[in-house]
Amino acid sequence: MTQWSGYFGLILQGTLVTIELTLMGSVLALIMAFLAGMGRLSRFFALRALATAYIEFFRGTSIFVQLFFAYFVLPLVGLELTPLQAGVLALGLNVGAYAAEVVRGAVQSIGREQYEACTALNLGRWQGMRHVILPQAFLVMLPTFGNNAIELLKATSVVSLISLADLTFQAQVVRAQTGNTMVPFTTILVIYFILALFISWGVRSLERRMARGLDGVRV
Amino acid sequence: MDWDWDFVRQILPTLIQGVKITILATLLGSVLAAIVGLGIALARRSPNKALSRTVGWAAEFIRGTPLLVQLYFIFYVLPDVGILLPPLVAGVIGLGLHYGTYTAEVYRAGIDNVPRGQWEAAKACNLNARQTWSHIIIPQAIPPMIPALANYFIAMLKETPLLSAITVLELMNQAKSVANTYYRYLEPITLVGAFFLVISLCSVALLRWLERRYGKIER
């Protein structure tokens, strides 16, 4: 009988790395989503072009290729990254590109009358965005952001291939040491699923919280 | 490190080999995903509660866990119970199952969009369940959802590099083996990115054509 307690510790460590990556990746993705999403709505052609190029590039190539590029090619041009940094960078930029389109779609879905009301109240473009449009648009974005966060969680498994000790990597270690494949892989499948359920539950409760006081405003 | 065109010319034939496998895996995976998706969508509408619940939960589970781990599971765990699959077959099954759970939602939306009158007319014509599905509902439900399905197939294309983790010699794996032979990462990995960008831009053009051909999709 194999001593499972030690291996359980490994899996637990892997879970922590996966959670850490998901959190840090989500923060970067959120920042990039707002930068690029707002960039696409900008009045200036240069900003629009830059944001479109970013979004199309990161949505057009595979996350896997981007990760390998960040880890193996960037050091050649003098940018040395640890596996964790490369992972967060690739995940954040990739998911950020998808989420940027969500931001753009949500902002554009806010009715004309809201913009007209901003003008009538003599709010500047930035003020209108900050106090009127974004609080409403954010609620529209939230469910899709939740899906994006789950996509990000699932994409973190790829970083095991650049030697970062996440959940998938630790399962491989356990497999190599015990020769048992069924137990480690089934365990991590269940852990990933629980994490995904946790994210969707978190987003749903956040949505309820944010929707407070907006009754009757939303259609 | 400088870009070396001679090296590019030297490795291009190997990478083209990989592109063929990548495209083959995507096509086979798409066919499987289309079939699995339809199966899941039909099972979830089944009057048999046990069947629809079980399939629903299984689909939810597959969608909430990473494709990479599922591939490992198919490739490393199934041999324990006596099912030994060649890498490409395991990869195609993994892609097909994973994306089947996504296409199932597309089918569900497509089937829900068939007007009630069609169901009633089928009943009035005394068609049984099988005839109703195969002659009335499915032929009307499928054309409007072709663009949405194609969208997932493009997403699948970008996941195929994961197959390199279970030793399928697709584009990414060819690039990695080339890189490890010559100790040059810049050209192979960049070319992989370029290939993916080109293939996905072509498929986006195809998608636009499909959207025009089969009418607008709801966003």
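In this predicted model, the largest nonpolar core has 108 residues, and those with the most contacts inside it are Leu67(A), Val158(A) and Leu71(B). Helix α4 of chain A, residues 83–109, gives the most to this core, with 14 residues. Leu67(A), once residues up to four places away in sequence are set aside, touches Ala86(A), Gly87(A), Ala90(A), Val158(A), Val159(A) and Ile162(A). As a general background, nonpolar side chains tend to be buried together in soluble globular proteins.

The contact between the chains takes 28 residues from chain B and 26 residues from chain A. On the side of chain B that touches chain A, α2 (49–64), α3 and α8 each supply at least two residues, and α8(B) gives the most, with nine residues. The residues of this side of chain B divide by character as follows.

| Character | Residues on the side of chain B that touches chain A |
|---|---|
| Nonpolar | 21 residues |
| Polar | five residues |
| Charged | two residues |

Chain B itself is built from eight helices and zero strands, and its C-alpha atoms fill a box of roughly 70 × 45 × 25 Å, taken along the principal axes. Of the 219 residues in chain B, 39% are buried. Among the contacts in chain B with a separation of 6 or more, 76% come from residues 24 or more positions apart.

One helix of chain B departs from a straight course. Helix α6(B), residues 129–159, has 31 residues, yet its end C-alpha atoms are only 37 Å apart, short of the 45 Å that a straight helix would reach at 1.5 Å a residue. Where does α6(B) bend? The bend, of about 55°, is at Met145(B), and a proline, Pro147(B), follows within four residues. Both Met145(B) and Pro147(B) are among the buried residues of α6(B), which also include Ala141(B), Leu149(B) and Phe153(B). The cover over the buried residues of this helix includes α1 (5–44), α3 (67–77), α4 (87–112) and α8 (186–213) of chain B.

Helix α4 of chain B also holds Gly91(B). Is Gly91(B) buried or exposed? Gly91(B) counts as buried because it has 29 C-beta neighbours inside 10 Å, where 20 or more are needed. Leaving aside neighbours within four places in sequence, Gly91(B) is in contact with Ala25(B), Leu71(B), Leu163(B), Ile166(B) and Val168(B); Leu71(B) is also one of the residues with the most contacts inside the largest nonpolar core. By contrast, the C-alpha atoms of Gly91(B) and Asn126(B), 35 residues apart along the chain, are separated by 43 Å.

Terms used:
Residues numbered from 1 in each chain as written. Chains lettered and ligands numbered in written order. Predicted model: local features only at pLDDT ≥ 70, side-chain atom pairs only at ≥ 80, totals over all residues. Expected span 1.5 Å × (residues − 1). Bend = angle between axes of the 7 residues up to and from the residue. Buried ≥ 20, exposed ≤ 12 C-beta atoms within 10 Å, placed from the backbone. Contact = placed C-beta atoms within 7 Å. Core = buried A, V, L, I, M, F, W, Y, C linked by C-beta atoms within 7 Å. Nonpolar A, V, L, I, M, F, W, Y, C, P; charged D, E, K, R; others polar.
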